[in-house]
Amino acid sequence: MTTREEKSELSPAALTAVRRRLEEREALLSPFAARGSTSRGRKRPEPPSPLRTEYQVDRDRILHTKAFRRLKHKTQVFIAPQQDHFVTRMTHTLEVAEVARTIARALNLNEDLAEAAALGHDIGHGPFGHAGEEALAELLPDGFRHNYQSVRVLDQLENGGQGLNLTFEVLDAVEKSSKAREDILAEGWGVPVTLEGQIVKIADAVAYLNHDIDDALRAGIITEEDLPPAAWELGRNHRERLDTLIADIVAASWDATGARTDVRPQIRFSPRVHALANDLREFMFRRVYLYDATRREAERGKRIVQFLFAYFVEHPEAISPGFSLPDDPVERRAADYISGMTDRYAIRLARELGCPEALEWNV
Ligand code: MG
């Protein structure tokens with residue numbers, strides 16, 4: 001049998017040197033950083049990659065999935081936007097990854113793990129953002145949550161139903177990246193076991209707060225004058241607000257660098273900035289996320305998901321292979337298939353099948 005090393009053009013000595021150098025770099029990270037070499041590992045053990053750490057491997061696997069590519073046509077807040085500058089799940093995901101990497105690097109934590117988990121954190125989001133999620137949650141007996149679905153996509157559905165065999169730490173960070181409604185960092189699904197997982201959770205909030213303001217301004221739902229005092233305290237524009245939030249997280253989480261080892265570090269905002277971020281988030285809920293026009297579009301998306309679900313439960317033979325597990329109950333298979341769809345694919349398909357809500361929707 002040919003090993004990876006034999007197929008490569010680098011000599012075995014060079015490959016060993018690369019791997020050793022990568023591990024030496026990881027050894028220089030904070031004592032609180034996650035390290036590939038001490039990962040809790042993968043469900044199915046694999047030989048290590050000669051050129052990449054465990055978390056680099058995970059990042060690449062996520063990036064090369066079809067599910068990742070489909071994020072470009074999935075809603076962040078504004079459904080199936082016609083204009084090119086609105087944020088989609090793809091650009092949101094990339095922004096989360098960049099914010100997470102900046103924080104991880106500043107705190108001397110594992111940037112590769114933060115990046116991998118950030119790239120996967122929303123991969124289970126269905127079409128029409130939270131409206132699609134709500135529709136599926138009502139239709140499935142066990143409910144539907146995008147964070148669990150992200151883990152399901154990565155761990156079971158991708159790679160022809162084999163899953164990507166990712167490390168425990170990446171899957172844990174993806175599962176726990178989601179937050180409950182009460183607070184910008186509310187513990188809805190537990191605390192990630194790694195600080196890098198905590199970074200992804202906070203980076204998600206930093207990214208969406210900022211780009212959703214931009215999109216709401218772009219859509220004309222709010223004007224700059226409407227922004228609450230909290231927004232101005234954080235900064236005069238997108239760039240300043242991002243800077244303030246990220247610098248605050250790094251300062252408030254400094255123990256994570258190993259500066260002190262007698263405490264259990266946590267990734268957080270300072271109390272003042274935490275309160276400002278929450279004020280801003282409340283404003284966004286009131287004026288943007290729950291705004292009538294946003295809701296109307298969302299209702300339309302929800303009805304399309306309900307229509308498609310009823311159709312596929314009735315016609316399981318129409319579920320394309322590779323998007324669900326053949327032995328699962330038909331409801332689960334329908335939900336897996338629909339949640340993999342982009343907004344535009346769901347709208348077009350619903351239109352072809354005669355769904356009244358989809359007929360007028362130009363995508
Ligand atoms: Mg997100």
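Here are three short exercises on the structure above, each with a worked solution.

This is a predicted model, where local features need pLDDT of at least 70, side-chain atom pairs need 80 or more, and totals for chains, interfaces and linings use all residues. Residues are numbered from 1 along each chain as its sequence is written, and side-chain values use heavy atoms, leaving out hydrogens and water.

**Exercise 1.** Work out which secondary structure elements the protein chain has.

*Solution.* Start with the rule: DSSP runs count as helices (H or I, at least four residues) or strands (E, at least two), numbered from the N terminus. Now count: you get 17 helices and zero strands.

**Exercise 2.** Check the radius of gyration of the protein chain against that of a compact globule.

*Solution.* First, take the globule rule, 2.2 Å times the number of residues to the power 0.38, with the radius taken over C-alpha atoms. Next, put in 363 residues, which gives a value near 21 Å. The protein chain has 21 Å, so the two agree.

**Exercise 3.** Find the protein donors of the magnesium ion, then decide whether Asp-122 and Asp-204 are buried or exposed.

*Solution.* Look for donors, meaning N, O and S atoms within 2.8 Å of the metal (3.2 Å for Na, K and Ca); water isn't among the atoms, so sites may look incomplete. You'll find His-92 (NE2), His-121 (NE2), Asp-122 (OD) and Asp-204 (OD), at 2.2 to 2.4 Å. Asp-122 sits in the loop between helix 6 (111-120) and helix 7 (129-139) and Asp-204 in helix 10 (residues 195-219), so this pair ties together parts 82 residues apart in sequence. For burial, use relative accessible area: buried is under 20%, exposed over 50%, partly exposed in between (1.4 Å probe, protein chains only). Asp-122, at 3%, is buried, and Asp-204, at 8%, is buried too.
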